[in-house]
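Colleague: I should like to learn how to read the features of a protein model one at a time. May we begin once the model is in view?

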Amino acid sequence: MNALRAACLALALVFCCTPPAWGEGFALNEWSARGVALANGLVGRADDVSTLAYNAAGITRLPGTHVMGGLAFIAPSGSVETRRADGTRSTAAKPNTWTAPHAYISHQLNDTVWLGMGVFSRFGLGNSYSGNWSGRYNMYDVGVQTISFVPTLALKLNEMFSVSAGLDIMHGHMYLGTKIPTVAAGTFRRFDNDMQLEGDGWGVGAHLGLHMRLNEQWSVGLSYKSQVTMHLTGDVQFDWHGDNLARRQAHLPEARDCDAEATLQLPDSLALGVAFKPLDNLSFEAGAT
């Protein structure tokens, strides 16, 4: 009878509860194969060591030492429609495959204290378009790649409550390709000059977690990942170097290779998960990020 009720609940969830799905921009949560399969539903469960990324307080439910590693492949696709005087034009993004590696280790020191280390990517991805598409003066090639190293301390306060705190040491790499409309001095030749910006930097943030095991069936997780501000240093390079007659009138950059600095501010996030396990081999989680 319990199995029948669980099956009916599963069907109700599938057919009745179908909210709209919204995109995440360049935020990532492909932090384990199981996490992807469960649609990020590991905030309240805390079933394996990848909980270091989803809600690190959950490692207090893992006795001894646990190790995990993996790699996610992400292949974005899409197109942009632009309206011009000669009609509407659709431009498809170039095919590309991104990789998002992850690795975790947790170790129980005693009945109260656990240590963990997580390596994963919170932000990434990018897009490339043809060098002559309509938006080339904004960009035709863009990408952001980050990797976080998160040493974590988790405490089991009692059989119900566990908390965690971690340091997010994040490395970031960013690049941007754009076209500059150019009128060459002397020859008055008109063309698009290519400008490439690229830089790397580091930033530091914090991860906080709370896990509550209410009973054998119900558990709740809450996880906060702070904002990270990076100071990037790199360079700007041009394909053509010379005097652009259109530069002053259109407020364009001078075609001269130089060093560059920028500040990249990556947002914080808050995740909540409520897990329900009616049977040993059946569980559900509802959550929001």
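Colleague: Where is the place of M160?

Modeller: Helices (H or I, at least four residues) and strands (E, at least two) are DSSP runs numbered from the N terminus. Here, M160 belongs to the loop that joins β7 (141–156) and β8 (161–183). This is a predicted model, in which local features need pLDDT of at least 70 and side-chain atom pairs count only at pLDDT 80 or more, while totals for chains, interfaces and linings use all residues. Residues are numbered from 1 along each chain as its sequence is written, and side-chain values use heavy atoms, with hydrogens and water left out.

Colleague: Is M160 buried, partly exposed or exposed?

Modeller: Buried means under 20% relative accessible area, exposed means over 50%, and partly exposed lies in between (1.4 Å probe, protein chains only). M160 has a relative accessible area of 31%, so the residue is classed as partly exposed.

Colleague: Which residues make the nonpolar surface patch that includes M160?

Modeller: A patch is built from residues with over 30% relative accessible area and no salt bridge, joining nonpolar side chains (Val, Leu, Ile, Met, Phe, Trp, Tyr) within 5 Å and like charges within 9 Å. Areas come from the Shrake-Rupley method with a 1.4 Å probe, and for residues only the protein chains shown count as cover. In this model, M160 is joined by L208, L214, W218, L222, Y224, L270, L272 and V274 in a nonpolar patch of about 740 Å². Two strands, β10 (218–225) and β13 (269–279), each contribute at least two residues to this patch.

Colleague: How should I read a residue such as S106: is it buried or exposed, and what does it touch?

Modeller: S106 is part of strand β4 (residues 98–108). Its relative accessibility is 0%, so S106 is buried. A contact means heavy atoms within 4.5 Å. Setting aside residues up to four places away in sequence, S106 touches V49, I59, L62, G64, T65, H66, L115 and G116.

Colleague: What does E261 contact, and is that residue buried or exposed?

Modeller: E261 lies in strand β12 (residues 258–266) and is exposed, with a relative accessibility of 64%. Beyond its neighbours within four places in sequence, E261 is in contact with H231, L232 and T233. The C-alpha atoms of E261 and L222 are 36 Å apart, although 39 residues separate the two along the chain. L222 is one of the residues of the nonpolar patch.

Colleague: How many salt bridges are there?

Modeller: A salt bridge requires a side-chain nitrogen of Lys or Arg within 4 Å of a carboxyl oxygen of Asp or Glu. That rule gives a count of 9. In one of them, D48 and R34 meet through their side chains with an N to O distance of 3.7 Å. D48 is in the loop between α2 (33–37) and α3 (51–54), and R34 is in helix α2, so the bridge ties parts 14 residues apart in sequence. D48 is buried at 14% relative accessible area, whereas R34 is partly exposed at 35%. R34, D47 and D48 are linked in a network of salt bridges.

Colleague: Which salt bridge does E285 form?

Modeller: E285 pairs with R45, with closest N and O atoms 3.6 Å apart. E285 is in strand β14 (residues 282–288) and R45 is in the loop between α2 and α3, so this pair ties together parts 240 residues apart in sequence. E285 is partly exposed at 21% relative accessible area, while R45 is buried at 12%. A further pair is R122 with D168, at 3.0 Å between the closest N and O atoms. R122 and D168 are both buried.

Colleague: What lines the second largest pocket, and what lines the largest cavity?

Modeller: On a 1 Å grid over the protein atoms alone, a cavity is a set of points where a 1.4 Å probe fits but cannot get out; a pocket is an open set with protein on both sides within 12 Å along at least five of seven lines, and lining residues have an atom within 4 Å of a point. Points are joined across faces, edges and corners, and the volume is the space filled by probe spheres set on them. The second largest pocket has a volume of about 380 Å³. Its lining has 21 residues, with R45, D47, R213, E216 and K277 nearest the centre. β9 (190–213), β10 and β13 each give two or more residues to that lining, and β13 gives the most, with 5. The largest cavity, of about 60 Å³, is lined by L52, A53, N55, A56, S164, H207, L208, G209, S223 and K225. β9 gives the most to this cavity lining, with 3 residues.
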